[in-house]
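Colleague: I would love a close look at a single part of this model rather than a tour of everything. Could you pick one strand, tell me what it pairs with, and then follow its surroundings outwards?

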Amino acid sequence: MAVTSVYFHPVFLEHDTGNHPEAADRLVVVKRRLEAGDLDLVWITPPRADVVDVARVHTRGHIETVERIARGGGGRLDMDTVVSPASFDAALYAVGAGIHATTRALGEGSRSFLLVRPPGHHAGRDRGMGFCLFNNIAVAAQYAIEELGVARVLIVDWDVHHGNGTQDVFYDDPRVLLCGFHLGNHYPGTGAIAESGAGDGVGYTVNLPLPHGAGDGAVRAFFSDVLVPLAQEFRPELVLISAGYDSVAGDPLGGLTLSDEAYRWMAGTIAGLCESVGAAGPVCFLEGGYDPERVASAVMRTLEGFHLPPGEISAKLSPRESRALSDLRRALEGTWGRVLR
Ligand SMILES: [Zn+2]
């Protein structure tokens, strides 16, 4: 089996959120399980990102706010989003992991999983929120475009929450196709089908809000009928994944019911897509996931999916899941009708 790189830095454990679902224990449990497993992994300690690279996406004002709160002994950006004394450094190393892994994906063809925190996909240009300080995946995509000559990036988001920060950053940018599903009517309240991009970016934001309890069949249909055909037409040169594990069945902050096997299937399907279009990646960025043991199991399946056949998952769709998918297909007719299956 080919090797997968896993990024981890001890400073990620020092981002101290207190009594909070997004706590250091998540990474400790996943790391232990990966180390005890039989996957062929290379552990990489990432470099710290330069502030100039964070500023490719974020305003100087936002970066300075996070730094000031951290240096001042800690505080919060909002009710949910803690900044501890080590959080600014941890966030810079999380961004650094994304840049490093993306550079290696393009240079050496490596596939990577980033065991990072704080997570990133809720962070917008001028604010952090939803446990996120800097948008790790958005900075990596922007860095690849500006510094590595990448023309097109596909970002897949399988977190249970809508990746509103990433969406905001690339909303009018047709160089980034953002495709994700999430639980509808859930935090942060965005991610409607109608949010499909603006200006030159119309059609390059694809949101599938799912009904409560939706599971493998809905995700399978979304990937097979929408995401893969769109991506084959888009021909990304790089594929990044906002890999949230709060979409797994039983997550305390979730409401979807994905099986562990669904993550192997999704990862395998995306790895196969990378091969078929000649894209670098995938590079997986850990986002949410609040039951550490369940996260660990699903991360293991994800890494298997990078190199083993994706296996099979249920294709069963409930009437509400079917309706969500047909609503999305109808909305995509204008821009992507010719390629939808
Ligand atoms: Zn989440």
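**Strand E10 and its surroundings**

Modeller: Happy to! Let's start with a pairing: strand E9, residues 238-243, runs parallel to strand E10, and five bridges join the two. Please keep in mind that this is a predicted model. Within that pairing, Ala243 stands opposite Leu286 of E10. To get from E9 to E10 the chain passes through helix H8, and the resulting β-α-β crossover is right-handed.

E10 itself spans residues 280-286 and is mostly covered, with seven of its seven residues buried. It also pairs with strand E5, residues 112-114, in the parallel sense over three bridges. Here Ser112 has Val283 of E10 as its bridge partner.

Stepping back, E10 belongs to an open sheet of eight strands, ordered E2-E1-E5-E10-E9-E6-E7-E8, with parallel pairing. Strand E2 (41-44) and strand E8 (205-210) are the edge strands; each has a single partner strand, so one side of each is left without a neighbour in the sheet. On average, and ignoring direction, neighbouring strands of this sheet are turned by 15° against each other. As a general reminder, the strands of a sheet pair through backbone hydrogen bonds, either parallel or antiparallel.

Now follow the sheet from E10 past E5. E5 pairs with E1 in the parallel sense, over three bridges, and Val6 has Phe113 of E5 as its bridge partner. Within E1, Thr4 and Val6 point one way, Ser5 and Tyr7 point the other way, and all are buried. E1 also pairs with E2, again in the parallel sense, over four bridges; in that pairing Ser5 is matched with Val42 of E2. The path from E1 to E2 goes through helix H1, making a β-α-β crossover that is right-handed.

Glu22 sits in the loop between E1 and helix H1, residues 25-36. What is its environment like, buried or exposed? Glu22 has 23 C-beta neighbours inside 10 Å, and 20 or more is the cut-off, so Glu22 counts as buried. Leaving aside neighbours within four places in sequence, Glu22 is in contact with Thr17, Arg117, Pro119 and Phe131.

On the other side of E10, beyond E9, the sheet order continues with E6, E7 and E8. Strand E6 (residues 153-157) and strand E7 (residues 176-183) run parallel and are joined by five bridges, with Val153 partnered by Val176 of E7. The loop between E7 and E8 holds His186. With 19 C-beta neighbours inside 10 Å, His186 counts as partly exposed. Not counting residues up to four places away in sequence, His186 touches Val160, His161 and Gly255.

What about the helices? Helix H4, residues 87-108, lies across E1, E5, E9 and E10, and it runs at about 165° to E10. Then there is H8 (residues 260-277), the helix of the E9-to-E10 crossover. Its axis comes within 11 Å of the axis of helix H7 (residues 216-234), and the two cross at roughly 10°. Angles under 35 degrees count as roughly parallel, and H7 and H8 are therefore roughly parallel to each other. On the H7 side the contact is made by Asp216, Val219, Arg220, Phe223, Val228, Ala231 and Gln232, which meet Ala262, Trp265, Met266, Thr269, Leu273 and Val277 in H8. By type, the residues of this contact divide into nine nonpolar, two polar and two charged.

H7 has another neighbourhood, which you can see from Ala221, a residue in that helix. Ala221 counts as buried because 22 C-beta neighbours lie inside 10 Å. Beyond its neighbours within four places in sequence, Ala221 is in contact with Leu317 and Leu325. The C-alpha atoms of Ala221 and Glu321 are separated by 9.5 Å, although these positions lie 100 residues apart in chain numbering. A related pair starts in the loop between E8 and H7, where Gly213 lies: Gly213 and Ser318 are 105 residues apart in sequence and 9.9 Å apart in space, C-alpha to C-alpha. Gly213 has 14 C-beta neighbours inside 10 Å and so counts as partly exposed.

Definitions and conventions: Residues are numbered from 1 along each chain as its sequence is written. This is a predicted model: local features need pLDDT of at least 70, side-chain atom pairs count only at pLDDT 80 or more; totals for chains, interfaces and linings use all residues. Axes are lines fitted to C-alpha atoms, for helices over the stretch in contact, and angles run from 0 to 180 degrees between N-to-C directions. Angles under 35 degrees count as roughly parallel, over 145 as roughly antiparallel, 65 to 115 as roughly perpendicular and the rest as oblique. Two residues are in contact if their C-beta atoms, placed from the backbone, lie within 7 Å. Ala, Val, Leu, Ile, Met, Phe, Trp, Tyr, Cys and Pro count as nonpolar, Asp, Glu, Lys and Arg as charged, and the others, Gly among them, as polar. A residue is buried if 20 or more other C-beta atoms lie within 10 Å of its own, exposed if 12 or fewer, and partly exposed in between; C-beta atoms are placed from the backbone. Two strands pair if DSSP finds at least two bridges between them. A crossover is right-handed if, with the strands pointing away from the viewer, the path from the first strand over the helix to the second runs clockwise.
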